[in-house]
Amino acid sequence: VQLVESGGGLVQPGGSLRLSCAASGIIFSINPMGWYRQAPGKQREFVARITSGGRTNYADSVKGRLTISRDNAKKTVDLQMNSLKPEDTAVYYCYTFSGGDYWGQGTQVTVSS
């Protein structure tokens, strides 16, 4: 199983970024997919998840600003991030469960003026 994130970077407060995660080695269409993040000095925390059927749920801190979506044909899961705040600064990780926990290598998101 391989998960590869892309799309991180530096953005000003109030700006937007779109993260993408490409998956391989799994039957993507039946797997739930998620995004987590880890800020410096803090534990990794849940951000958003999407089921195989497209149901979503979000951490309270990101509701209304971040949107998770999936493309089963492309085997990708995206995280559209709007109205970004400095507290969104973290390494963002793609996650799936397929007989075990699998994580991507992470992509850095920095929100700063």
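Tutor: A residue counts as buried under 20% relative accessible area, as exposed over 50%, and as partly exposed in between (1.4 Å probe, protein chains only). The model is a predicted one, in which local features need pLDDT of at least 70 and side-chain atom pairs count only at pLDDT 80 or more, whereas totals for chains, interfaces and linings use all residues. Residues are numbered from 1 along each chain as its sequence is written, and side-chain values use heavy atoms, with hydrogens and water left out.

Student: Along β1, which side chains point to one face and are buried?

Tutor: Strands here are DSSP runs (E, at least two residues) numbered from the N terminus. In a regular strand the side chains alternate between the two faces of the sheet. In β1, Gln2, Val4 and Ser6 point to one face and are not buried, while the buried side chains on the other face are Leu3 and Glu5.

Student: In what order do the four strands form the open sheet?

Tutor: Two strands pair if DSSP finds at least two bridges between them, and β1 and β3, which run antiparallel, are joined by five. The edge strands, each pairing on one side only, are β1 (2–6) and β7 (66–71). With antiparallel pairing, the order is β1-β3-β8-β7.

Student: Which residue in β3 is the bridge partner of serine 6?

Tutor: Serine 6 is one of the β1 residues whose side chains are not buried. Its bridge partner in β3 is serine 20.

Student: How many residues apart in sequence are the parts that the cysteine 21 and cysteine 94 pair ties together?

Tutor: The sulfur atoms of cysteine 21 and cysteine 94 are 2.1 Å apart, and a disulfide is a pair of cysteine sulfur atoms within 2.5 Å, so they form one. With -80 degrees about the S-S bond, this link is left-handed. Cysteine 21 lies in strand β3 (residues 17–24) and cysteine 94 in strand β9 (residues 90–97), so the separation in sequence is 73 residues.

Student: Is cysteine 94 buried or exposed?

Tutor: Its partner, cysteine 21, has 0% relative accessibility and is buried. Cysteine 94 also has 0% relative accessibility, and therefore counts as buried.

Student: Which residue's backbone nitrogen does the side chain of tyrosine 58 reach at 3.0 Å?

Tutor: Tyrosine 58 is found in strand β6 (residues 56–58) and is buried, with a relative accessible area of 18%. Not counting residues up to four places away in sequence, tyrosine 58 touches (heavy atoms within 4.5 Å) several residues, including Phe46, Lys63 and Leu66. At 3.0 Å, the side chain of tyrosine 58 reaches the backbone nitrogen of isoleucine 68.

Key:
Polar contact = N/O pair within 3.5 Å; in protein donor to acceptor, adjacent residues only side chain to side chain.
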